[in-house]
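I set out to record, entry by entry, what I looked up on how two chains meet. The structure under examination is shown below.

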Amino acid sequence: MDMELDSAEAAETNISSAPVDLRRVGAHPDHWYPVAWSHEVKKGQVVASSFAGEPIAIVRPQQGDVYALEDRCAHRQVPLSKGSVKDCRVHCCYHGWSYDASGKCDVPYIGKGKQPNGVRVYPSAECDGIIFIWPGSLPAAPPPASLGAAGDKAYKTRSFGRIVNCHYTFMHENLMDMNHQFLHIRTTGKVTPRYLGRRAGEGWMELDYTFARPDSKQPLGESLITGGFRSDASKPRDLMTIRTEYPHQTLRFFAGGGDVPALYVWLGYTPVDVEQRKNRSFIHLSVRRPKIPGVLDLAWPVLTWFTNRVFEEDRIIVELEQAAYDAQGADWNQEVFPPIRELRDLLSRNGRVMAARQA
Amino acid sequence: MDMELDSAEAAETNISSAPVDLRRVGAHPDHWYPVAWSHEVKKGQVVASSFAGEPIAIVRPQQGDVYALEDRCAHRQVPLSKGSVKDCRVHCCYHGWSYDASGKCDVPYIGKGKQPNGVRVYPSAECDGIIFIWPGSLPAAPPPASLGAAGDKAYKTRSFGRIVNCHYTFMHENLMDMNHQFLHIRTTGKVTPRYLGRRAGEGWMELDYTFARPDSKQPLGESLITGGFRSDASKPRDLMTIRTEYPHQTLRFFAGGGDVPALYVWLGYTPVDVEQRKNRSFIHLSVRRPKIPGVLDLAWPVLTWFTNRVFEEDRIIVELEQAAYDAQGADWNQEVFPPIRELRDLLSRNGRVMAARQA
Amino acid sequence: MDMELDSAEAAETNISSAPVDLRRVGAHPDHWYPVAWSHEVKKGQVVASSFAGEPIAIVRPQQGDVYALEDRCAHRQVPLSKGSVKDCRVHCCYHGWSYDASGKCDVPYIGKGKQPNGVRVYPSAECDGIIFIWPGSLPAAPPPASLGAAGDKAYKTRSFGRIVNCHYTFMHENLMDMNHQFLHIRTTGKVTPRYLGRRAGEGWMELDYTFARPDSKQPLGESLITGGFRSDASKPRDLMTIRTEYPHQTLRFFAGGGDVPALYVWLGYTPVDVEQRKNRSFIHLSVRRPKIPGVLDLAWPVLTWFTNRVFEEDRIIVELEQAAYDAQGADWNQEVFPPIRELRDLLSRNGRVMAARQA
């Protein structure tokens with residue numbers, strides 16, 4: 001199952017041709033980014049989030065839509081997210097300055113004509129249980145209309161994620177390079193990925209894989225996800241398509257030649273800090289409901305354990321990659337798999353180089 | 001109760017007129033600063049303290065006055081405060097070099113004619129249960145003779161304080177801007193401050209406030225501090241005077257037109273680290289004893305709880321201010337209340353701009 | 001017992017004559033350094049270590065000698081020490097790239113002709129229970145043949161050590177300046193060292209001391225180490241020789257005029273981090289077995305407690321020295337004891353000045 005690279009391929013994606021350090025390329029702000037799960041921001045509450053070091057206060061008034069402000073009071077800079085929501089306004093906890101959804105402020109102890117400037121507003125939207133903001137300076141594009149199959153009742157969706165201490169690009173590379181199945185060997189057993197091909201366009205690319213199990217054993221958690229037990233798992237017959245559609249990713253798994261995904265995963269990675277060495281991952285993992293009702297619900301605890309464990313293995317390794325990058329002070333990666341070189345180019349072209357590192 | 005600012009006032013205290021970053025102004029060393037409570041340094045002990053990153057060893061010999069030395073052995077630089085006190089000398093714990101109150105050192109294993117230079121001595125003094133040092137280079141002024149009403153037997157005094165992770169100037173601004181009563185609403189109930197006026201001179205300024213309680217309710221802790229229950233708290237009739245007398249502060253509360261303070265608070269803030277992003281606060285809170293003996297002692301636990309809680313709310317908010325300053329890398333404050341702008345000028349004029357930030 | 005320095009001595013070792021900052025002198029890499037205890041790396045295991053910030057993977061295959069590689073996968077830079085050992089190769093845990101003792105790598109999913117460069121190999125050796133590497137660029141010298149008396153059956157050896165948060169030079173100075181007995185006064189009782197003289201050569205020096213006990217009391221732990229109880233410990237009669245043979249140290253104790261050491265200590269200090277502000281100490285403490293069998297084994301727990309406590313007192317003080325150096329940003333030491341000035345010169349001459357400090 002060696003993957004032969006022809007020399008044209010190797011030449012077109014020469015490592016040293018990229019003068020840019022990918023881990024210093026910021027997530028481009030002119031996109032929609034997830035900043036909170038909908039259930040985290042209850043009515044009458046304000047919650048702290050961030051995008052690449054910009055603190056963001058997410059406010060859900062008692063009535064009406066969520067809105068997002070710069071998370072600082074214009075007065076003494078303390079977080080508005082420490083304040084309280086009354087009617088449609090968020091009140092700073094210190095001297096009681098208050099703000100509405102337009103960011104305009106009202107100081108209770110000075111005259112109407114002397115009100116100072118307020119704070120920045122971020123366009124915001126909700127989709128399939130996630131609150132998104134648009135941190136860029138261009139006018140906001142239409143917000144996402146759906147996230148994988150999370151809104152489709154034919155699927156049962158598990159939503160999870162956490163802060164991962166690495167640059168978002170490590171997440172993209174991790175998912176797209178299925179040769180990393182070696183990492184999950186203790187969880188999934190031995191799986192041999194076979195790369196089938198790729199497609200690409202403006203701001204996106206996708207890869208197809210199939211898998212073989214040399215030892216014909218499949219763990220329970222995996223069978224539950226991918227659609228039932230198989231009598232002979234040694235013959236490759238399934239298709240996995242992994243797609244980066246900047247800045248998000250999806251993974252679709254089609255069992256045995258079908259054209260409806262048995263598994264549909266949507267993944268979003270929001271940089272947390274200025275240096276973008278941390279990201280918050282938001283994942284919707286949607287499994288198509290089998291014909292027999294209740295089976296999937298019964299299997300859910302096993303599936304949860306299995307996906308948590310795989311995600312945790314991935315988290316540990318990408319954090320080790322970031323630690324190595326930080327220690328080495330530069331990107332020493334020797335990428336030999338051409339699709340990953342292309343992914344790196346895509347991420348590099350679509351992102352925005354960060355300012356010089358802060359002390 | 002809006003506070004109208006006339007335009008002359010607004011003009012004279014224009015925000016952008018101050019080119020100096022107040023949080024980079026160090027506490028001026030040519031003043032007396034508290035470095036320890038007297039009870040912390042027992043006879044025959046040496047204790048570590050600091051002023052703005054300068055380590056200071058405070059020594060109380062078995063006999064005689066406290067003295068303060070640079071907290072490092074001249075030999076291998078380890079803290080003298082790790083050593084031991086014998087007679088009037090402090091002995092370094094490592095090779096046994098010893099120092100007297102003049103900072104002169106004695107090395108036990110070399111000849112008298114070859115003794116090396118010793119360490120710096122800081123002028124020191126004790127007043128009302130606090131040990132002060134004079135960290136400056138000018139000759140020391142006479143030390144403080146009293147701290148508020150802490151030495152007056154007509155008052156009962158609670159002494160408290162702690163390390164607060166912020167620049168000392170946030171402490172001054174916090175206390176002086178009573179519009180921050182909004183912060184304490186859950187502890188004190190709703191209190192509406194009314195600013196009455198200010199006085200200022202060389203190195204000091206003071207503000208007068210009175211308070212109204214729109215809902216006529218007063219918490220028990222507050223009544224205990226300010227002199228008994230009142231039948232109608234809705235009419236303003238009390239006076240609070242807050243004073244910065246560089247580098248310390250006081251707060252006096254005069255109940256119902258009296259001219260003897262019912263409450264007298266003295267506050268000192270000593271920068272701890274080189275960057276002065278931390279201060280150690282020393283507070284004497286003195287309450288005038290009521291005519292009926294024992295009432296105040298009975299009430300003391302409630303009063304302690306109440307003042308601890310108010311101080312803790314203040315600590316959290318000033319630390320958030322420091323965190324915002326550190327994240328923003330500059331002072332973005334938009335101060336709209338003229339007395340606070342004057343206070344900032346006073347602190348700026350009387351302090352000393354710090355060297356460029358260390359890495 | 002003052003130690004008189006004649007002026008010629010004082011002149012020849014003038015403090016200000018040394019322009020180099022000793023704490024910025026790195027341990028010279030062209031020597032053998034301990035990186036692990038042999039028992040830490042079991043057959044079929046790989047373990048992480050480091051030398052001055054260079055991560056090192058130590059591999060012990062099922063068969064054959066230990067080997068040491070740069071601890072990073074050539075692919076995505078994650079530590080090889082997180083991987084697994086199979087036959088004679090270590091496999092990276094991420095995509096399964098594998099390496100042999102020559103550092104050559106094998107990528108399972110690409111063709112033979114396209115294999116990328118591997119990783120650096122460090123010469124390695126084992127001696128008396130310690131794994132050594134040669135981190136330098138010169139050809140490796142013959143590895144150590146013995147470490148003090150650790151391989152001698154006439155001795156019983158206790159092997160211990162830990163990470164100490166200081167530059168390795170503080171360790172050398174600590175051991176060699178026996179005037180620091182003052183530090184151990186609570187553990188050892190009062191001991192007065194008497195310096196007898198020194199010898200030196202290329203890359204080494206050694207000092208002789210004897211000791212007096214003004215109060216004639218000797219702690220149990222000490223008698224066990226140094227060869228039995230003495231009826232009159234007040235007369236100096238024993239000899240201690242401390243030697244720095246770059247980059248390691250030994251301490252030998254000869255009781256009552258004997259020429260076979262009753263105690264033989266070998267000490268190695270390996271810098272851990274790039275800045276060399278931490279070292280890992282490896283200590284073999286070998287005590288000559290007395291004529292009566294079993295006595296030493298019986299006494300071992302007391303001896304262990306005693307040596308642990310002395311080492312812990314030393315650790316605390318050298319870490320305080322490092323902390324002082326870090327706070328002061330330079331070496332302010334005023335060394336008055338000529339042999340220690342010579343030791344500093346020796347360490348300075350034999351080390352290698354580090355690059356400018358990293359941010």
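The entries that follow concern the interface of chain B and chain A, in a model that is predicted.

**Entry 1: extent.** I first looked up which residues take part. Chain B contributes 25 residues to the contact, and chain A contributes 23 residues. For the area buried between the two chains I noted about 2,200 Å². Carbon and sulfur atoms give 57% of that area. On the side of chain B, I found that Phe182(B), Gln334(B) and Val336(B) lose the most area to chain A. Together these three account for 27% of what that side buries.

**Entry 2: charged and polar pairs.** I then asked how many salt bridges the rule finds across the interface of chain B and chain A. The rule finds three. I looked up the pair of Glu321(B) and Arg76(A), which form a salt bridge with their closest N and O atoms 2.5 Å apart. For polar contact, I recorded twelve residue pairs across the interface, both residues of each pair at pLDDT 80 or more.

**Entry 3: make-up of the chain B side.** I noted that helix H2 (168-176) and helix H5 (295-328) of chain B each supply at least two residues to the side that touches chain A. The largest share, six residues, comes from H5(B). By class, I listed twelve nonpolar, six polar and seven charged residues on this side of chain B.

**Entry 4: symmetry.** Finally, I looked up how chain B is laid on chain A. A turn of 120° with a shift of 0.0 Å along the axis achieves this with an RMSD of 0.0 Å. I therefore entered the relation as that of a three-fold axis.

How values were computed
Residues numbered from 1 in each chain as written. Chains lettered and ligands numbered in written order. Predicted model: local features only at pLDDT ≥ 70, side-chain atom pairs only at ≥ 80, totals over all residues. Heavy atoms only, no water. Contact = heavy atoms within 4.5 Å. Buried area = accessible area lost by both parts, 1.4 Å probe. Salt bridge = Lys/Arg side-chain N within 4 Å of Asp/Glu carboxyl O. Polar contact = N/O pair within 3.5 Å; in protein donor to acceptor, adjacent residues only side chain to side chain. Helix = DSSP H or I, 4+ residues; strand = E, 2+ residues; numbered from the N terminus. Nonpolar A, V, L, I, M, F, W, Y, C, P; charged D, E, K, R; others polar. Least-squares fit on C-alpha atoms with pLDDT ≥ 70 in both.
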